[in-house]
Amino acid sequence: MENNSAFSRQLSRYISQSPILDEWKTSSLQLRLHQLNDQPLNILFAGPSGVGKSATINALFATEEFETSGAEDEGAIVRFSSGELVLWDFPGYRLEDTQSAMQLAATLSEYDEAGKPLIDLVVVVLDAAQQNLNDGYQLINKVIAPALGESTEQRMLVMLNKVDAANHSYEWAYVNESCSSEVEIWPESTASLLRHCLLRDAELEVAPVSYAAEFSRKADTMRPYNLLKVMNEILVRLPEEKRLTLLDAPLNQRALNWCDSDNRCNYLTQLENTLFDLVYQDAKDGARFGGLLGAHKGKQGRELGYLLRRQLHASLKIG
Ligand SMILES: Nc1nc2c(ncn2[C@@H]2O[C@H](COP(=O)(O)OP(=O)(O)OP(=O)(O)O)[C@@H](O)[C@H]2O)c(=O)[nH]1
Ligand SMILES: [Mg+2]
């Protein structure tokens, strides 16, 4: 089935079947996809207990299709693997737990056979609804930043989960099934505070992303909020050659999983652009012309844009 095929495999099939792409373009695109294929990618999720690390992984990916290890032992690191992607779900961090801090620091200091850092990205999840973010803050400041050193800003993403629970006084706007803009007022001020403190204490320029892995509604529906924004933030922090590995893993295809956002930007367009630039070398911002992905590169660029969107939308089960 189309939706279950790995992103790059299906895209490669579309490219070879396209009547519009000429022989030269077809082979250069296939070569590029080949270069991007099978690149190992490790993403580690860390944060205090109960902040929603596992919920975030489950919102992003169809984890039931992943191989799991470590889940049988309580308090152990759980690893989800699919193809070349490994997601590390670290147990909840507590300030006084020096052993788990040492285990995390040691993992972040590991190198692969090629001499590159084993962990490509650390996603720090914090609970925006919590009054006290000290555990999470110290985790960044005392454990992660010292272990990542100069690469901290590139290799760490800070995310504020549970925006739905953070602002207790706001009312869910049911009009058009969309979130009221106040939903982010409290998380946004928390994000600013975190940003200020990390700059002051660790000279780190970090912009936390607010989202909800499980946005709870009054009605019985529950779906994530700002998940495409999260996906973009993860993708742009990965080494270029590893980005396709993320899309090749089975993504969550629950209905409307990717649709709710703060609408400050068209996050789907952003994702399409990043992917287009990755596959069609020398392209910038999706080479859009008249809003059409790839059209600035002529007929063949437009065709790749069309094929890429088709497969991306199938992978996310949208549109
Ligand atoms: N309201 C709300 N609840 C959430 C959200 N995300 C997760 N939760 C709930 O928060 C609780 C903890 O989520 P988990 O994913 O188990 O948290 P965790 O960080 O993996 O916790 P540990 O594995 O114990 O460290 C669960 O009851 C989730 O249903 C969210 O966006 N909004
Ligand atoms: Mg968990």
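**Close-up 1. Who sits around ligand 1.** Helices and strands here are DSSP runs, numbered from the N terminus, with strands having at least two residues. Keep in mind that what you're looking at is a predicted model. With that naming in hand, look for β8, which gives five residues to the shell around ligand 1, the largest share. The elements that each supply at least two residues of this shell are α3 (53–60), α7 (163–166) and β8 (212–216). So which residues come nearest to the ligand? Out of the 19 residues around ligand 1, they are Gly52, Ser54, Ala55, Gly92 and Ala212. Sort the shell by class and you get eight polar, seven nonpolar and four charged residues.

**Close-up 2. The seven-stranded sheet.** Trace the strands across this open sheet and you meet them in the order β2-β3-β4-β1-β5-β6-β7, with mixed pairing. At the edges are β2 (67–69) and β7 (209–210), each with a pairing on one side only. Zoom in on β2 and you'll find that this strand and β3 (residues 78–82) are antiparallel, joined over three bridges. Where does Thr68 find its bridge partner in β3? Look for Phe80.

**Close-up 3. A helix laid over the sheet.** Here's α3 again, one of the elements from the ligand shell. This time, notice how α3 lies across five strands: β1 (41–46), β3, β4 (85–89), β5 (121–127) and β6 (156–161). Compare the direction of α3 with that of β4, and the angle comes out at about 155°.

**Close-up 4. Helices α9 and α11 side by side.** The axes of α9 (residues 227–237) and α11 (residues 267–279) come within 9 Å and cross at roughly 25°. Angles under 35 degrees count as roughly parallel, and therefore α9 and α11 are roughly parallel to each other. Their crossing is left-handed. On the α9 side, the contact uses Leu228, Lys229, Met231, Asn232, Leu235 and Val236; from α11 come Tyr267, Leu268, Gln270, Leu271 and Thr274. Split this contact by class, and there are seven nonpolar, three polar and one charged residues.

**Close-up 5. Helices α5 and α8 meet.** How far apart are the axes of α5 (residues 134–148) and α8 (residues 185–202)? They're 11 Å apart, and the two helices pack at an angle of about 35°. Here α5 passes α8 in a right-handed crossing. From α5, look for Tyr137, Ile140, Asn141 and Ala145, which meet Leu194, Cys197, Leu198, Asp201 and Ala202 in α8. By class, this contact has seven nonpolar residues, one polar and one charged.

Key. Residues are numbered from 1 along each chain as its sequence is written. Chains are lettered from A and ligands numbered from 1 in the order in which they are written. This is a predicted model: local features need pLDDT of at least 70, side-chain atom pairs count only at pLDDT 80 or more; totals for chains, interfaces and linings use all residues. A residue is near a molecule or strand if its C-beta atom, placed from the backbone, lies within 6 Å of it. Helices (H or I, at least four residues) and strands (E, at least two) are DSSP runs, numbered from the N terminus. Ala, Val, Leu, Ile, Met, Phe, Trp, Tyr, Cys and Pro count as nonpolar, Asp, Glu, Lys and Arg as charged, and the others, Gly among them, as polar. Two strands pair if DSSP finds at least two bridges between them. Two residues are in contact if their C-beta atoms, placed from the backbone, lie within 7 Å. Axes are lines fitted to C-alpha atoms, for helices over the stretch in contact, and angles run from 0 to 180 degrees between N-to-C directions. Angles under 35 degrees count as roughly parallel, over 145 as roughly antiparallel, 65 to 115 as roughly perpendicular and the rest as oblique. A crossing is left-handed if the near helix is turned anticlockwise from the far one by less than a right angle, and right-handed if clockwise.
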